[in-house]
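Trainee: Got a minute to go through this one with me? I'd like to start with the rings.
Mentor: Sure, pull it up.

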Amino acid sequence: YRNILDDLKKGDMYHVLGAGYGTDIKGIREFFQNYHTQRACKKIRVRMLANFNARDQLVPATLRCAEIRFLPEYLITNMTILFYKEKAVMILLVKHPKVFVINSKEVVHSFKKYFDAWWRMGKR
C-alpha cells in the first residue's frame, strides 16, 4: 500500500478486486482508515469491487475519491487483488497474511478484463 501512495499521483487511479478485511486480523481496520485517509489527501482515486459482506463495514475514509461496488455473496474470498500501472498485488488476508507482487503490464491487463466484467455485475 505504501507503493501505491508513492507511485501514484493526484488523479491517478488503481483498481481493487475482492476488498475486505479478512477474519480477525488485529489492527486491519485502523490500518485501512489511515491508508485511505492518506490516499484521499493525495487525491488518488480507487475503483473498488468490495466483498458483499464488507458493505456496512468499510472504514469511512474508503469512500473518499472512490467508486465502490459490491461483488455477489458467492464471490466472497479472503483474497484481494489490486492493480495499477504495471503492478498487480495479490493479498491473502489469512491469520498470517501473504502478499505477492507481480510486475507485468500483461498481468495487469488480464486482471483489468476480469475487473471490468465483474464491475458490470457489481451492486452499488
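Trainee: How many aromatic pairs does the structure hold?
Mentor: There are 9 aromatic pairs. Keep in mind that this is a predicted model.

Trainee: What kind of pair do Y1 and Y35 make?
Mentor: An edge-to-face one, because the ring planes sit at 65°, and over 60 degrees counts as edge-to-face. The ring centres of Y1 and Y35 are 4.9 Å apart.

Trainee: And where do Y1 and Y35 lie in the chain?
Mentor: Y1 is in the segment before helix 1 (2–7), while Y35 belongs to helix 2 (residues 28–41). With their positions 34 residues apart, the pair links distant parts of the chain.

Trainee: Is Y35 buried or exposed?
Mentor: Y35 is buried, at 2% relative accessible area. Y1 has 29% relative accessibility, so Y1 counts as partly exposed.

Trainee: Which residues form an aromatic cluster with Y1 and Y35?
Mentor: F31 and F32; the four make one aromatic cluster.

Trainee: OK, over to F115 and W119. Why is that pair called stacked?
Mentor: Because the planes are at 20°, and the cut-off for stacked is under 30 degrees. Their centres are 5.5 Å apart. Both residues are in helix 3 (residues 105–121), and they are 4 residues apart, so about one helical turn separates F115 from W119.

Trainee: How accessible are F115 and W119, then?
Mentor: F115 is buried at 0% relative accessible area, and W119 is buried too, at 7%.

Trainee: What sits over the ring of W119?
Mentor: The charged end of R47, at 4.2 Å from the ring centre.

Trainee: Let's switch to strands. How many residues of strand 4 are buried?
Mentor: 5 of the 6 in strand 4 (residues 79–84), so the rest of the structure largely encloses that strand.

Trainee: Which strands does strand 4 pair with?
Mentor: Strand 1 (residues 13–19) is joined to strand 4 by 3 bridges, running antiparallel. Strand 5 (residues 87–92) is also antiparallel to strand 4, with 6 bridges.

Trainee: Which residues face each other there?
Mentor: On the strand 1 side, H15 stands opposite F83 of strand 4. Towards strand 5, M79 has L92 as its bridge partner.

Trainee: What's in the turn between strand 4 and strand 5?
Mentor: The two strands form a hairpin with 2 residues between them, and K85 in that turn has a positive phi of about 45°.

Trainee: Now salt bridges. How many are there?
Mentor: The count comes to 5 salt bridges. One of them starts from the hairpin loop: E86 meets K105 at 4.0 Å, N to O.

Trainee: How far along the chain are K105 and E86?
Mentor: They are 19 residues apart, with K105 in helix 3 and E86 in the loop between strand 4 and strand 5. K105 is exposed at 57% relative accessible area, whereas E86 is partly exposed at 43%.

Trainee: What about K112 and D116?
Mentor: Their side chains meet in a salt bridge at 2.7 Å, N to O. K112 and D116 are 4 residues apart in helix 3, so about one helical turn lies between them.

Trainee: And which residue does R2 bridge to?
Mentor: D6, with the closest N and O atoms 3.9 Å apart. R2 and D6 both lie in helix 1.

Trainee: Last one: what does K9 touch?
Mentor: Apart from neighbours within four places in sequence, K9 is in contact with K42, K43 and I44. K9 lies in the loop between helix 1 and strand 1, and it counts as exposed at 55% relative accessibility.

Definitions and conventions
Residues are numbered from 1 along each chain as its sequence is written. This is a predicted model: local features need pLDDT of at least 70, side-chain atom pairs count only at pLDDT 80 or more; totals for chains, interfaces and linings use all residues. Side-chain values use heavy atoms; hydrogens and water are left out. Rings of Phe, Tyr and Trp (its six-membered ring) pair if their centres lie within 6.5 Å; planes under 30 degrees apart count as stacked, over 60 as edge-to-face and the rest as tilted. Buried means under 20% relative accessible area, exposed over 50%, partly exposed in between (1.4 Å probe, protein chains only). A charge sits over a ring if NZ of Lys or CZ of Arg is within 6 Å of the ring centre and within 35 degrees of the ring normal. Two strands pair if DSSP finds at least two bridges between them. Contact means heavy atoms within 4.5 Å.
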